[in-house]
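Here are some exercises to help you find your way around a new structure. Try each task on your own, then follow the solution step by step.

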Amino acid sequence: MPKAKCRECGKTFEYTWGAVNCPECEVRIRRIFKDVKNYLWDNPGASEAIVCEKFGISRHVINDWLRNDKIQISENSDIVLRCEKCGAEILSGHYCSKCQKEVDGTSVHGTFMGKEEKAEMRYLDRKK
Ligand SMILES: [Zn+2]
Ligand SMILES: [Zn+2]
């Protein structure tokens, strides 16, 4: 099993696809989600730093909730969605336009590899 480092507590855990936190943190985050949501409801201007400190979560967690529309932030809050690479403020998605270009560059490479593989598959088909 490949190992990954938990984004929240830094512990290594057995990586499963798409996991960024260790199972314990996943459970903890899921458990406090409701509390955070209620807190934000009661304190619409709460700052990101305060929410992180109060609930012992990183801004990555808040980012994920924002991104998935799980929490709503009022205009007078300083909680914003941030680029996963450089931390710049963004309105939607995962990356700022600058980092998105870099990410696209990598995925274009991935597509290219995919095409090569398909070409090879066709070649094998023909041989049969
Ligand atoms: Zn953890
Ligand atoms: Zn960025």
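**Exercise 1. Work out which geometry the 4 donor atoms form around the zinc ion (ligand 1).**

Solution. Keep in mind throughout that this is a predicted model.

- Step 1: find the donors. The zinc ion (ligand 1) is held by the SG atoms of Cys6, Cys9, Cys22 and Cys25, at 2.2 to 2.3 Å.
- Step 2: look at the angles. The 4 donor atoms subtend angles of 105 to 115° around the zinc ion (ligand 1), so the arrangement is tetrahedral.
- Step 3: set this beside the ideal. Four tetrahedral donors would ideally make angles of 109.5 degrees at a metal.
- Step 4: read the donors along the chain. Their spacing is C-x2-C-x12-C-x2-C.
- Step 5: place two of them. Cys9 sits in the loop between β1 (3-5) and β2 (12-14), and Cys22 in the loop between β2 and α1, so this pair ties together parts that are 13 residues apart in sequence.

**Exercise 2. Decide for Cys9 and for Cys22 whether the residue is buried or partly exposed.**

Solution.

- Step 1: recall the cut-off. Buried means under 20% relative accessible area, and partly exposed runs from there up to 50%.
- Step 2: take Cys9. Its relative accessible area is 42%, so Cys9 is partly exposed.
- Step 3: take Cys22. With a relative accessible area of 1%, Cys22 is buried.

**Exercise 3. Describe the site of the zinc ion (ligand 2), starting from its protein donors.**

Solution.

- Step 1: list the donors. They are Cys83, Cys86, Cys96 and Cys99, each through SG, lying 2.3 Å from the zinc ion (ligand 2).
- Step 2: check the geometry. The angles among the 4 donor atoms are 103 to 115°, and the site is tetrahedral.
- Step 3: read the spacing. Along the chain, the donors of the zinc ion (ligand 2) follow C-x2-C-x9-C-x2-C.
- Step 4: look at accessibility. Cys83 has 3% relative accessibility and counts as buried, whereas Cys86, at 43%, is partly exposed.

**Exercise 4. Follow helix α1 (residues 23-42) from its first C-alpha to its last, and say what its buried residues pack against.**

Solution.

- Step 1: compare the span with the expected one. Helix α1 has 20 residues and reaches 29 Å, close to the 28 Å expected at 1.5 Å a residue.
- Step 2: look for a bend. A kink of about 35° is centred on Ile32 in α1.
- Step 3: pick out the buried residues of α1. They are Cys25, Ile29, Ile32, Phe33, Val36, Tyr39 and Leu40. Ile32 thus appears in this list as well as at the centre of the kink, and Cys25 is also a donor of the zinc ion (ligand 1).
- Step 4: find their partners. The buried residues of α1 pack against α2 (48-55) and α3 (59-67).

**Exercise 5. Find out how many salt bridges the structure holds, then locate some of them.**

Solution.

- Step 1: start from the principle. Side chains of opposite charge can pair when their charged atoms come close.
- Step 2: give the count. The structure holds 8 salt bridges.
- Step 3: take Lys11 and Glu24. Their closest N and O atoms are 2.3 Å apart. Lys11 lies in the loop between β1 and β2 and Glu24 in helix α1, so the pair links distant parts of the chain, 13 residues apart. Lys11, at 40% relative accessibility, counts as partly exposed, and so does Glu24, at 47%.
- Step 4: take Arg82 and Glu48. Here the closest N and O atoms are 3.5 Å apart. This pair also links distant parts of the chain: Arg82 is in strand β3 (residues 81-82) and Glu48 in helix α2, 34 residues apart. Glu48 counts as buried, at 7% relative accessibility.
- Step 5: take Asp64 and Arg67. Their closest N and O atoms are 3.7 Å apart. Both residues lie in helix α3, 3 residues apart, about one turn of the helix. Asp64 is partly exposed at 22%, while Arg67 is buried at 15%.
- Step 6: widen the view. Asp64 and Arg67 belong to a network of salt bridges that also links Arg7 and Glu84.

Definitions and conventions
Residues numbered from 1 in each chain as written. Chains lettered and ligands numbered in written order. Predicted model: local features only at pLDDT ≥ 70, side-chain atom pairs only at ≥ 80, totals over all residues. Heavy atoms only, no water. Helix = DSSP H or I, 4+ residues; strand = E, 2+ residues; numbered from the N terminus. Expected span 1.5 Å × (residues − 1). Bend = angle between axes of the 7 residues up to and from the residue. Buried < 20%, exposed > 50% of the residue type's maximum accessible area, 1.4 Å probe, protein only. Contact = heavy atoms within 4.5 Å. Donors = N, O, S within 2.8 Å, 3.2 Å for Na, K, Ca; no water. Tetrahedral: all angles 85-135°; square planar, octahedral: opposite > 155°, others 65-115°. Salt bridge = Lys/Arg side-chain N within 4 Å of Asp/Glu carboxyl O.
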